[in-house]
Amino acid sequence: MIGIYAELSDGKFKKAILESGVYAAQLRNGGGVTAFCVGLPSEGEADKLSKYGVSHLVQIEKTQDFDAQNYTKNLAHYITSKGIKTLVVANTYEGKSLSSRLSMALNASLATNVIALPDTNNGFSVKRSVFSGKGFAFVNLLNEIKVVAITPNSIDVKEMPTAIQIENVANIAEKSNTKIEGTQKLEGKIPLTEAEIVVSAGRGLKGAENWGMVEELAGLLGAATACSKPVSDMGWRPHSEHVGQTGITIKPNLYIAIGISGAIQHLAGVSSSKVIVAINKDPEAPFFKAADFGIVGDAFEVLPKLIAAVKG
Amino acid sequence: MSVVPDTTTKITFTDNNTKFNSQGVQFIINPYDELSLTKAIEIVEKDGGTVAVATVGLIETEATIRKALAIGANEAFRINIEPKDGVLVAQELSALVKTEGFDMVLTGRESIDYNGGQVCGLLAELLQWPSVNVCTKIEIEGGKAHFERDIDGGREVIVSDLPVVASAQKDLCEPRIPNMKGIMAARTKSLKVVEPQNNPITSNFYLFENPVPKQAVRLIDPENAGQLIDILRNEVKIIS
């Protein structure tokens, strides 16, 4: 039996969760896929899951805000009682804080940052990224129960419709020792880890005051904004936008790098992007070796032209 | 604390791609662990107590462990086993936490070699402590730990009872550079070698590969930069 953790974000299942459903459905070998969530999804959300391969949804009663220990206790209990042998978790922030605890509670083997379906011909082997994108590893998961945490945007979301059964179950864990006192959301912004298009800029922009062009292009393309390490170190942009080896590793469909030279640490965080565009006035910038398309030119001249072209 | 290849390392593999090629590689304190170490030192400077640093690794990690002592840890433990996966590391650390009776454990968000991001959660589950990961702020006040952490699309403020396991995210603090006094003091600080539990392994990294190099870049005339949008829209079909 295959299960997924169906994280709820304001009552909704995000794309990363649908990817988990499709991943599990391709593994199920004719059996069902059981999704586990904590709390009640909004109307229509369970049907959305059923389009992406999920045949059962176990809705665990929500008695408190997210806490990895409390959620683990509940999930481990119901995952075990449903006889799940492989659990798929999306590598979101919440998924990351749960997958490790949960694998220990289930006495499972754990692989994180998984980017492809497993090879089950000889054991259970998954491909995952290592060295911040500078390499890949193949890992055999040896325990009977396996927890596989997949990197968002690694699996093509295709519809695999099925009927869905919903079951409501009680919360079995005591209240946790942690309490969420407040949440700040970046309103109207696309989270970097979920973005399909990312527009990123570096020192070539010369100062925080010049980011208007970057944000305008990103807005027109429906993209998230990102930056290089020096830019976040100088405080031009928040650290949450820093992509690279010591920042966030991302895997969008399109990554546009403006005025970023392409140091090895930066490339590590973005090299898994499907299509990379580099814009830099230095023709020797290392980024051109890692890019699919390049423009050798000054950001201040090239960006307005791109904005005009998108506007048509 | 993990000991990892320097961030500028070109990653290659050896023995028919079954092992990381460490030849000529400079090893450093994992950058996220450097943040957790610095934060731990800041906490004891303010609230009292001592900082112990623990590494699961073989003897070659000791030079890097000494660096952590030079930065300001009071004592160090090296658990003498190769850190084959996150589960093994967490099991070894949990045994040490139980014998030493720590009040709080800080880890990095992930190591920059295997990027598992697992040890914080695995260790907390083994200890049955709460866990708070990817923290950008950690303070102890009134016997409780106060955190800010990254969540998808925002930030969260959390308070937790002690003991707790937390992991460090960039922005937590500025890493410290050891000074001469620290380096001298580190020579005489305690670095205990602990024999491992030797639990059975649960996963096996058996093969590695490097990413496929990109084909030559296709250059677009900067005078006609708008052509890029046309290509992305109509040829690659990646934007609408």
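Student: Before we start, when do two strands count as paired?
Tutor: Two strands pair if DSSP finds at least two bridges between them. Keep in mind that this is a predicted model.

Student: OK. How many bridges join β15 of chain A to β14(B)?
Tutor: There are 2 bridges, so the pair meets the cut-off. Strand β15 covers residues 293–296 of chain A, and the two strands run parallel.

Student: Which residue is the bridge partner of Phe293(A) in β14(B)?
Tutor: That is Arg218(B).

Student: What's the strand order in the open sheet?
Tutor: It has 6 strands with parallel pairing. The order is β12(A)-β11(A)-β13(A)-β14(A)-β15(A)-β14(B).

Student: And which strands stand at the edges?
Tutor: β12 (224–227) of chain A and β14 (218–219) of chain B. Each has a single partner strand, so one side of each has no neighbour in the sheet.

Student: Which helix lies across β11, β12 and β13 of chain A?
Tutor: Helix α5 of chain A, residues 211–221. It runs at about 170 degrees to β11(A).

Student: New topic. Which residues touch the most other members of the largest nonpolar core?
Tutor: Ala6(A), Ala68(B) and Leu123(B), out of 113 residues in that core. Helix α1 (residues 15–27) of chain A gives the largest share, 7 residues. Apart from this core lies another of 49 residues, including Trp236(A) and Ile239(B).

Student: What does Ala68(B) contact beyond four places in sequence?
Tutor: Met1(B), Ile29(B), Leu37(B), Val53(B), Ala73(B) and Ala76(B).

Student: Last one: how many residues of each chain are in contact with the other?
Tutor: 79 residues of chain A contact 64 residues of chain B. The chain A side has 34 nonpolar, 32 polar and 13 charged residues.

Conventions:
Residues are numbered from 1 along each chain as its sequence is written. Chains are lettered from A and ligands numbered from 1 in the order in which they are written. This is a predicted model: local features need pLDDT of at least 70, side-chain atom pairs count only at pLDDT 80 or more; totals for chains, interfaces and linings use all residues. A nonpolar core is a set of buried Ala, Val, Leu, Ile, Met, Phe, Trp, Tyr and Cys residues joined through C-beta atoms within 7 Å. A residue is buried if 20 or more other C-beta atoms lie within 10 Å of its own, exposed if 12 or fewer, and partly exposed in between; C-beta atoms are placed from the backbone. Helices (H or I, at least four residues) and strands (E, at least two) are DSSP runs, numbered from the N terminus. Two residues are in contact if their C-beta atoms, placed from the backbone, lie within 7 Å. Axes are lines fitted to C-alpha atoms, for helices over the stretch in contact, and angles run from 0 to 180 degrees between N-to-C directions. Ala, Val, Leu, Ile, Met, Phe, Trp, Tyr, Cys and Pro count as nonpolar, Asp, Glu, Lys and Arg as charged, and the others, Gly among them, as polar.
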